[in-house]
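User: I'm new to this one and keep tripping over the labels. Please take me through how each one is earned.

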Amino acid sequence: MTRVGLVVNPVAGLGGRVGLGGTDGPDRARTALSLGARPLAGARAAAALGELAARAGESARDGLLVVTAAGRLGADSVAAAGLTERIVYAAGAGRDTSAADTAATVRAVVAEGVDLLFFAGGDGTARDVLGALGSPGVVPCPVLGVPTGVKMHSAVFAVSPRAAGEVAAAWLARTGGVRLRDAEVMDRDEDALGEGRVTSRLFGWLPVPDVPVRVQQRKTGSTAASPEAVGGIAAEVAERVGEGLLVLGPGSTTRAVAAALGADVSLTGVDALALRPGHPPRIVARDAGEDTLLALGPAWIALSPIGGQGFLLGRGNQQISPRVLRAAGGRERLLVLCTETKLAALGGRPLLLDTGDDALDAELSGHLPVITGRRRTSLYRLAM
Amino acid sequence: MTASHAPVPVSPEEARIAGKPRLRRFQQASWDEKLIFELGSPGERGVLVPAADPSLGMPAIPAALRRSDPPALPEMSQQQVLRHYLRLSQENLGADLNIDVGQGTCTMKYSPKVNDQFVRDPRIAALHPLQDEDTVQGVLGIIHGLEQLLKEISGMDRVSLQPGAGSAAIYTNVAMIRAYFAARGELDQRDEVITTIFSHPSNAACAKTAGFKVITLHPDADGYPDIEALRAAVGPRTAALLITNPEDTGIYNPRIEEFVRIVHEAGGLCSYDQANANGVLGITRARDAGFDLCHFNLHKTFSTPHACGGPAAGACAVTEELAPYLPRPTVELDPETGTYRLDDDRPGSVGKMRPFYGVVPNLVRAYAWIMSLGAEGLRAAAETAVLNNNYLLHKVRQIPGVSVPYAAGRPRVEQVRYSWEKLHQDTGLHSEDIGLRAADFGTHYWTSHHPYVVPEPMTLEPTESYTRADLDEYAAILAEIAREAYEDPETVRTAPHRSTIHRVRPEALDDPAVWAVSWRAYRRKVLGEAGR
């Protein structure tokens with residue numbers, strides 16, 4: 001019998017689509033729900049389990065037991081994937097779940113003994129799991145994150161829910177030569193953010209099955225791009241957009257490009273600018289959520305990948321949802337901005353897509369021009 | 001043996017790797033040397049420059065161009081000049097004193113001293129570019145002869161030796177590409193040039209300077225330029241592919257003919273940057289792979305002094321179709337009379353890329369080098385360069401902390417881009433730190449051009465010039481530095497310790513308010529003298 005542990009943080013990622021950023025704390029989650037956010041973590045956990053079951057094969061499915069908590073903390077996802085569960089923890093009825101529930105579930109699951117522990121959540125959840133398990137070397141089982149959060153700076157996550165299922169299958173089959181590596185648990189450094197830098201703090205390590213390309217890298221700190229490179233990218237963007245709306249994803253590159261165009265935008269939110277040649281840009285939306293972006297009408301969408309990881313969509317910019325991307329015109333209206341240095345630092349790994357819409361991810365996959373300067377592009381691969 | 005001359009201890013591991021070479025104890029000289037403009041005294045002189053021979057047909061300098069005052073040059077004897085420059089040469093890691101394996105893509109092969117005798121010969125040294133054609137038949141014959149040799153080496157139809165090397169030659173080829181499409185009325189449509197991230201940055205820079213948009217291809221998992229990206233990049237807007245092969249990783253792209261075919265099918269031209277031709281000389285030819293244009297850097301492949309913004313010489317070679325656009329003047333041979341003439345009447349030409357007809361001393365050196373080796377010798381030089389490179393590769397890849405990205409276990413052509421990523425992760429030291437510590441052993445290396453696609457890069461290119469003992473010593477130096485990095489990282493982090501100058505502040509090199517490339521600029525910017 002193969003035993004897989006699962007803990008789901010049901011509020012992880014709730015803030016993404018509505019432009020709230022992370023969902024740390026119950027107040028933020030309630031606000032997100034009041035703004036129309038829909039929980040995603042349970043479905044993404046189910047997708048990971050489904051992929052694991054599919055890869056394990058029909059005969060192995062009966063031998064797969066998911067050790068988890070009741071309801072939204074895991075059992076709902078196991079049921080959705082059509083697998084057998086064993087419930088070892090239940091949160092109190094009628095109250096919001098919290099970090100304490102994550103920790104209690106993790107402790108109860110590992111006490112039962114599992115071959116691998118899945119957790120579905122973001123960087124905050126990863127910190128909770130780390131806190132419950134202890135230091136590397138004494139962690140009793142391999143751990144793998146199913147990405148459902150907003151920021152996702154840690155290296156303990158698969159690149160998508162399906163990839164989590166793939167990696168788990170490869171690890172549990174013991175045939176693919178998959179080794180464990182201690183991967184970084186990171187979270188955004190809020191102090192640095194206050195100073196205008198997006199950087200991460202290291203909180204510890206968790207042992208993760210190492211399947212290159214399918215398990216994400218940690219985010220690297222933002223480095224100041226040279227003014228020439230940013231100015232060149234900004235000039236190219238201005239020419240391509242001409243007169244029109246430009247939605248800018250989060251990050252230090254897009255913020256520097258906006259500054260070169262003459263607009264001060266937020267570092268972590270999604271903003272929209274109205275561009276008109278010969279005039280300074282006008283900010284038409286700040287910290288926009290999905291609904292605001294949809295209401296804007298046709299727009300160019302400028303994104304910059306996350307340094308080190310290469311994520312272009314699905315991490316930190318969930319507001320730019322599949323609906324927003326389709327409404328904008330898809331691939332043709334997407335402007336990928338990146339300095340050559342940041343692109344080179346990916347070491348040949350593709351830019352990653354995890355919008356939650358496989359058909360859209362497939363449509364965007366393949367080689368796409370990345371704007372690296374004035375009249376300069378790099379043809380670079382996007383992959384799901 | 002005194003302590004100062006004692007061999008640096010070598011560990012058993014390094015001895016095994018490097019065959020127990022002795023690491024020389026290097027100490028760079030440090031002179032309190034003034035600038036040459038601060039030396040000498042008024043009225044003192046070294047040589048008297050002879051007046052031009054009236055029989056050479058030199059025109060007089062027009063009165064309007066003559067100086068009213070003599071130039072403010074230093075006045076000093078030959079001996080003072082000699083001492084000054086000998087002292088300066090000892091404050092450098094000069095090519096004649098070192099194993100220049102680490103010059104990377106800027107190939108520093110040996111330039112035979114015997115060839116300098118030809119250059120010093122008054123028949124070359126006393127030439128003036130304004131002489132009448134009938135007085136320079138000999139040098140025009142050498143230029144024409146060198147063109148014929150380079151035609152054979154490249155497989156192309158016509159060659160121009162007028163451009164400078166490197167960027168000047170690449171720019172010449174881009175200018176010819178632009179002229180070609182302008183003549184066909186396609187320039188407005190074809191405004192994109194494709195290049196690769198491992199090609200020399202000059203390819204992208206020259207294309208952009210000439211008004212093209214630049215599309216860069218990144219490597220695939222094996223380190224080859226991604227052919228799927230090429231297919232996605234080509235189209236009706238494609239003017240040309242500018243590509244280096246082997247690229248600066250030392251990896252030869254075996255699908256180069258397919259690259260050329262894909263671009264040709266889209267109506268674009270293909271230009272071969274042969275900066276790395278040293279390892280394929282006499283083995284492959286640009287024309288045979290289908291290219292329309294190519295260039296050589298004579299200093300890299302044909303053993304002439306390096307340029308560094310100075311007397312570099314390039315050779316641009318083209319097919320017959322592109323010959324009308326070559327720089328002017330061209331050197332033409334009248335087969336009936338056996339005389340040479342300069343043809344300046346070329347209406348399609350991209351114009352002059354350099355004054356007159358190129359850097360004659362380097363053309364003479366290159367001609368002498370090729371003639372002394374012959375076809376078999378050129379091929380032997382390339383084969384020796386490849387053998388040396390792979391011998392060094394075998395040794396360096398065993399040094400702790402070094403890796404060789406891409407094409408695992410396969411040999412390379414004439415250079416390798418290594419990575420110190422493992423050593424960096426283990427010790428926090430960067431490739432630049434290793435390079436600066438290498439200066440303490442009397443040698444150096446180059447990292448890579450930016451951006452660093454290979455993390456913590458180091459690019460080594462031994463060429464055919466170095467002996468097995470040289471390569472053993474170089475590998476042993478790297479092994480010694482790697483050992484220090486793990487055992488005593490501060491020594492590496494604070495290097496160099498035996499050089500004239502410690503670490504240079506690179507930001508000054510990028511700051512026009514500080515840099516001073518002339519005595520006049522130095523007095524204004526550094527000494528703060530006003531009005532200059």
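Analyst: Let's start in chain A, where Gly5(A) sits opposite Leu117(A) of S4(A). This is a predicted model: local features need pLDDT of at least 70, side-chain atom pairs need 80 or more, while totals for chains, interfaces and linings use all residues. Residues count from 1 along each chain as its sequence is written, chains are lettered from A and ligands numbered from 1 in the order written, and side-chain values use heavy atoms, with hydrogens and water left out.

User: What makes S1(A) and S4(A) a pair?

Analyst: Strands (DSSP E runs of at least two residues; helices are H or I runs of at least four, both numbered from the N terminus) pair if DSSP finds at least two bridges between them. S1 (residues 2-8) and S4 (residues 116-121) of chain A have five bridges, in the parallel sense. So by that rule they pair.

User: Which sheet does that belong to, and why are some of its strands said to stand at the edges?

Analyst: The sheet in chain A is open, has five strands in the order S3-S2-S1-S4-S5, and pairs in parallel. S3 (84-89) and S5 (143-147) of chain A each have a single partner strand, so one side of each has no neighbour in the sheet. On average, neighbouring strands there are turned by 25° against each other, direction ignored.

User: What lies across those strands, and how do you know the angle?

Analyst: Helix H6 (residues 99-112) of chain A lies across S1, S2, S3 and S4 of chain A, at about 115° to S3(A). Helix H7 (residues 123-133) of chain A crosses S4 and S5 of chain A, at about 145° to S4(A). The angles come from lines fitted to C-alpha atoms, for helices over the stretch in contact, and run from 0 to 180 degrees between N-to-C directions.

User: How many residues of each chain are in the contact?

Analyst: Contact means heavy atoms within 4.5 Å, and the count is 12 residues from chain A and 19 from chain B. The two chains bury about 1400 Å² between them, 54% of it on carbon and sulfur atoms; that's the accessible area (1.4 Å probe) lost on being put together, summed over both parts. Arg375(A), Arg376(A) and Leu379(A) lose the most on the chain A side, together 43% of what that side buries.

User: How many salt bridges are there between chain A and chain B?

Analyst: Zero. The rule asks for a side-chain nitrogen of Lys or Arg within 4 Å of a carboxyl oxygen of Asp or Glu. Over all chains, that rule gives 52.

User: What makes Arg315(A) and Asp354(A) a salt bridge?

Analyst: Their side chains meet at 2.9 Å, N to O, so the pair is within the cut-off of the rule. Arg315(A) is in the loop between S12 (311-313) and H13 (322-328), and Asp354(A) in the loop between S14 (351-353) and H15 (358-364), all of chain A, so the bridge ties together parts 39 residues apart in sequence.

User: Which strand of chain B is joined to S16(A), and how do you know they pair?

Analyst: It's S3 (residues 213-217) of chain B, running parallel to S16(A) and joined to S16(A) by four bridges, so the pairing rule is met. One partnership there is Thr377(A) with Ile215(B).

User: Why is the bond between Asn245(B) and Pro246(B) worth a look?

Analyst: That peptide bond is cis, with omega about -5°. Pro246(B) is in the loop between S4 (238-244) and H9 (256-265) of chain B. Arg328(B) and Pro329(B) are also joined by a cis peptide bond, with omega about 0°.
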